[in-house]
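Opened the notebook for a quick pass through a new model. I want the overall build first, then whatever catches my eye.

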Amino acid sequence: MAAIVCNGLTKKFGKTTALHQVDLKLEPGRIVGLAGPNGSGKTTLIKLAQHMLVPTDGEIMVNDRTPGPETKAHVAYLPDRDFLPDWMKVDALIRLYEKFYEDFNRETAEIMLRNLDISPDMVFKKMSKGTREKVQLILTMSRKADVYLLDEPIAGVDPAARDYIIRTIISNYNPEGLVLISTHLIADIESVLDEVIFLKEGEIVLHENADDLRMRVNKSVDEYFREVFAC
């Protein structure tokens with residue numbers, strides 16, 4: 001069973017087409033990079049998979065189901081901005097995730113928080129931007145989900161924090177699940193990718209095994225990405 005399937009997936013916002021006739025099939029057990037410049041449709045695709053948006057035309061399926069409450073129970077989603085109640089302490093956020101997600105592992109979350117010296121008594125809104133992003137990532141990756149949707153998880157953080165985020169992703173995701181990482185910072189995540197998708201103006205211009213792509217073009221994925229999207 002494919003983790004995500006899109007058939008003729010189209011999403012419009014008024015006269016603006018964010019995605020156009022996207023056909024895509026992503027299998028479980030893979031880490032896939034979703035790359036493209038700002039405005040290419042990356043976040044729209046992720047929000048459609050998370051049922052935050054609905055298609056204008058075509059369809060998207062997650063684990064053979066139309067996105068909705070049933071699929072959300074098996075999808076771990078990390079948006080590209082703060083989304084947690086800012087008045088809550090870390091321990092209260094952990095309890096919140098325990099309540100909502102049966103696949104959430106408190107022990108996993110607590111270990112990662114200790115590794116970063118993040119106290120369970122810290123209040124979310126009093127943290128630095130980088131610490132807030134780490135807490136959100138930890139909560140997301142402490143689930144044993146079927147699909148992980150990570151929207152720009154390394155944007156806006158320093159290089160050292162990026163390294164930690166990447167290590168956290170590859171060390172804690174369900175190996176039988178799909179990880180879809182939206183980014184325009186290919187160089188930072190290239191080493192962990194099994195597949196890469198290039199989106200341009202709402203259309204897929206490339207979907208290929210990362211190793212096969214490097215052999216075919218005799219370049220790194222990042223170098224080829226820069227070539228395809230050169231201004």
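These are my notes, going from the whole chain to one strand and then to one residue.

**Entry 1: the chain as a whole**

First reminder to myself: this is a predicted model. I counted secondary structure and got nine helices and nine strands. Next I looked up the radius of gyration, which is 17 Å; the globule rule gives 17 Å for 231 residues, so the chain is as compact as a globular protein of that length. For the box, I took the principal axes, and the C-alpha atoms fill roughly 45 × 35 × 35 Å.

Then burial: 52% of the 231 residues come out as buried. I also checked how far the contacts reach along the sequence. Of those between residues at least 6 apart, 69% join residues at least 24 apart.

**Entry 2: surface and charge**

The exposed area of the chain is about 11,400 Å², and 48% of that comes from carbon and sulfur atoms. On charges, I have 29 positive and 36 negative ones, and their mean positions sit 6 Å apart.

**Entry 3: strand E7**

How many residues of E7 are buried? I went through residues 178–183 and found six of six buried, so to speak a full row. I wanted the two faces separately as well. On one side I have Leu178, Leu180 and Ser182, on the other Val179, Ile181 and Thr183, and all of them are buried, which leaves both faces covered.

Which strands pair with E7? E3, residues 31–35, does so in the parallel sense over five bridges. E6, residues 147–151, is also a parallel partner, again with five bridges. I noted one residue pair for each partner strand. Ala35 has Thr183 of E7 as its bridge partner, and Asp151 stands opposite Ser182 in E7. Both of those E7 residues were already on my buried list, Ser182 on one side and Thr183 on the other.

**Entry 4: Thr140**

Last stop was a threonine in a helix: Thr140 belongs to H5, which covers residues 129–141. Is Thr140 buried or exposed? Its relative accessible area is 1%; the cut-off for buried is under 20%, so Thr140 counts as buried.

I then asked what it touches, leaving out neighbours within four places in sequence. The contacts of Thr140 are Ala76, Tyr77, Leu78, Tyr97, Tyr148 and Leu150. Tyr148 and Leu150 fall within the residue range of E6, so I can tie this entry back to the E7 notes: E6 is a parallel partner of E7, and Thr140 contacts two of the E6 residues.

Conventions. Residues numbered from 1 in each chain as written. Predicted model: local features only at pLDDT ≥ 70, side-chain atom pairs only at ≥ 80, totals over all residues. Heavy atoms only, no water. Buried < 20%, exposed > 50% of the residue type's maximum accessible area, 1.4 Å probe, protein only. Helix = DSSP H or I, 4+ residues; strand = E, 2+ residues; numbered from the N terminus. Pairing = 2+ DSSP bridges. Rg over C-alpha atoms; globule rule 2.2 N^0.38 Å. Contact = heavy atoms within 4.5 Å. Areas by Shrake-Rupley, 256 points an atom, 1.4 Å probe, with all protein chains shown as cover. Lys, Arg positive; Asp, Glu negative; His and termini not counted. Charge placed at Lys NZ, Arg CZ, Asp CG, Glu CD.
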